[in-house]
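Visitor: Please take a close look at the packing of side chains in the interior, and then follow it outwards to the aromatic rings and the cysteines. I would also like to hear how far the model can be relied on.

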Amino acid sequence: ESVAVGGCSARRSPLHLSMRSVVARSLRQPSRLLSSCCPKPAAVRTDWTREEIAAIYRLPFTELLHQASTVHRQHFDPLEVQKCTLLSIKTGGCNEDCKYCAQSTRYKTFVKPEPLMSVDAVTEAARRAKAAGSTRFCMGTAWREMGNKKGAFGKILKMVEEVNGMGLEVCCTLGMLSETQAMELKRAGLTAYNHNLDTSREHYPNVITTRSYDDRLQTIANVRKAGISVCCGGILGLGESEEDRVGLLYELATMPEHPESVPINALVPIEGTPMMEGGGAPDVFQMARTIATARVVMPASMVRLSAGRMSFSPLEQAVMFLAGANSIFTGDKLLTTANPAFDEDMLMFESLGLKGKQPFSHLRSVSPEKVSAPPSEPPQRIAQQSAASA
């Protein structure tokens, strides 16, 4: 049996075929997992089972990297990594109780509340980011929801218009959104909206109690209906188990449509937050396994190596790129935590032979859905009954 690798045909070794049979026996439908071994691009599926995802996550590490790298090359140029910049346009003063967040008013941290930045200050930051090589500019606010903040929302719409006019992808993370607000952001030129699930449905109440899991899914549904690209991922290091990491990936991979963008964050423990004691930054193997599994089960999505990247060496980051990560956040800060400087990233790109990704080159065409009325119930999870198998 042969397989195309890098445009050439290579004979499979008996050892490789034996590994395939071992993996096959661990799954109900082995051909689905092993499709990534074939020359044909891995199919985009939304019917993964939790058992299948767990079996992929627990593959021998080098085999998992091989599978993920194969899938990555079927859908992307493996040397292209998008550079993004995230700016906190409204810092501190949030009344939520996210146990990892330095911006919550419930915890005593170094972060002090600041007002919403001016449109001019934000657009100047976007110009600097573009000059430094970023092709996506993300803006974040520290509050639970957009709600009735009409004055602030008007300024944010103007920010989106200005940044969009620079030829950059524009992303916002503003908490919960209504359908109407999502449509207004779409009209202003918003490319993507970030709203993370953070962790599994089961572990979520141990991390946040002021916003439900279904609240998050409702905002994602509102964004999707408006025709905005969805950015949705999670954080490792929140005291979760391996099963919770699998559960997070299951939630993402069984959405009606996969998020176009999946950020994988590593906890940055902040003095004064509960996660300073109750959490723990993940190691390179946990990060790489999660990234690789995300790549296999969501083959056409951008997988973003996000917060916490500073704790990993260039070589460890290279493992994560091999696992399927194809985006990073550059600049000195990610909201309130330190991040590698631009020049350090340039040196890493040069050492690894990586190149930046052009804006809009990976986005699927998304059109607003025609919805006569907003849903009365939060969207329910697909195949929720499989949670019992966790």
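Guide: Contact means that heavy atoms lie within 4.5 Å. This is a predicted model, in which local features need pLDDT (the predictor's confidence in each residue, from 0 to 100) of at least 70 and side-chain atom pairs count only at pLDDT 80 or more, while totals for chains, interfaces and linings use all residues. Residues are numbered from 1 along each chain as its sequence is written, and side-chain values use heavy atoms, with hydrogens and water left out.

With its neighbours within four places in sequence set aside, Ile156 is in contact with Ile89, Thr141, Trp143, Met146, Cys172, Leu174 and Leu185. Two of these names, Ile156 and Leu185, return together with Phe137 as the residues that touch the most other members of the largest nonpolar core, which has 90 residues. A nonpolar core is a set of buried Ala, Val, Leu, Ile, Met, Phe, Trp, Tyr and Cys residues joined through side-chain atoms within 4.5 Å, where buried means under 20% relative accessible area, exposed over 50% and partly exposed in between, with a 1.4 Å probe and protein chains only. Helix α11, residues 284-297, supplies the largest share of this core, 8 residues; helices (H or I, at least four residues) and strands (E, at least two) are DSSP runs numbered from the N terminus. A second, separate core of 6 residues includes Cys84, Leu86, Cys138 and Ala192.

The cysteines deserve a closer look. Cys84 counts as buried because its relative accessibility is 0%, yet its sulfur lies 5.6 Å from the closest cysteine sulfur, in Cys138, which is too far for a bond. The sulfur of Cys101 is likewise too far for a bond, since the closest cysteine sulfur, in Cys98, is 5.9 Å away. The structure holds 0 disulfides, a disulfide being a pair of cysteine sulfur atoms within 2.5 Å.

Beside the core residues already named, Ala142 is placed in the loop between β4 (136-141) and α6 (150-164), and at 7% relative accessibility it counts as buried. Residues up to four places away in sequence aside, Ala142 touches Lys90, Thr91, Gly92, Gly93, Cys94 and Gln103, and its C-alpha atom is 9.2 Å from that of Glu96, 46 residues apart along the chain.

Turning to the rings, there are 2 aromatic pairs, by a rule in which rings of Phe, Tyr and Trp (its six-membered ring) pair if their centres lie within 6.5 Å, with planes under 30 degrees apart counted as stacked, over 60 as edge-to-face and the rest as tilted. Phe61 and Phe285 are edge-to-face because their planes stand at 70 degrees, with the ring centres 5.0 Å apart. Phe61 belongs to helix α4 (residues 61-75) and Phe285 to helix α11, so this pair ties together parts that are 224 residues apart in sequence. Phe285 counts as partly exposed, at 47% relative accessibility. Tyr204 and Tyr213 are also edge-to-face, 5.1 Å centre to centre and with 80 degrees between the planes; Tyr204 counts as buried at 3% relative accessibility, and Tyr213 as buried at 4%.

As for reliance on the model, the mean pLDDT of the chain is 84, and 80% of its residues reach 70 or more. Over residues 1-39, however, pLDDT stays under 50, and the model has 53 contacts beyond four places in sequence for them. Over residues 370-390 pLDDT also stays under 50, with 33 such contacts.
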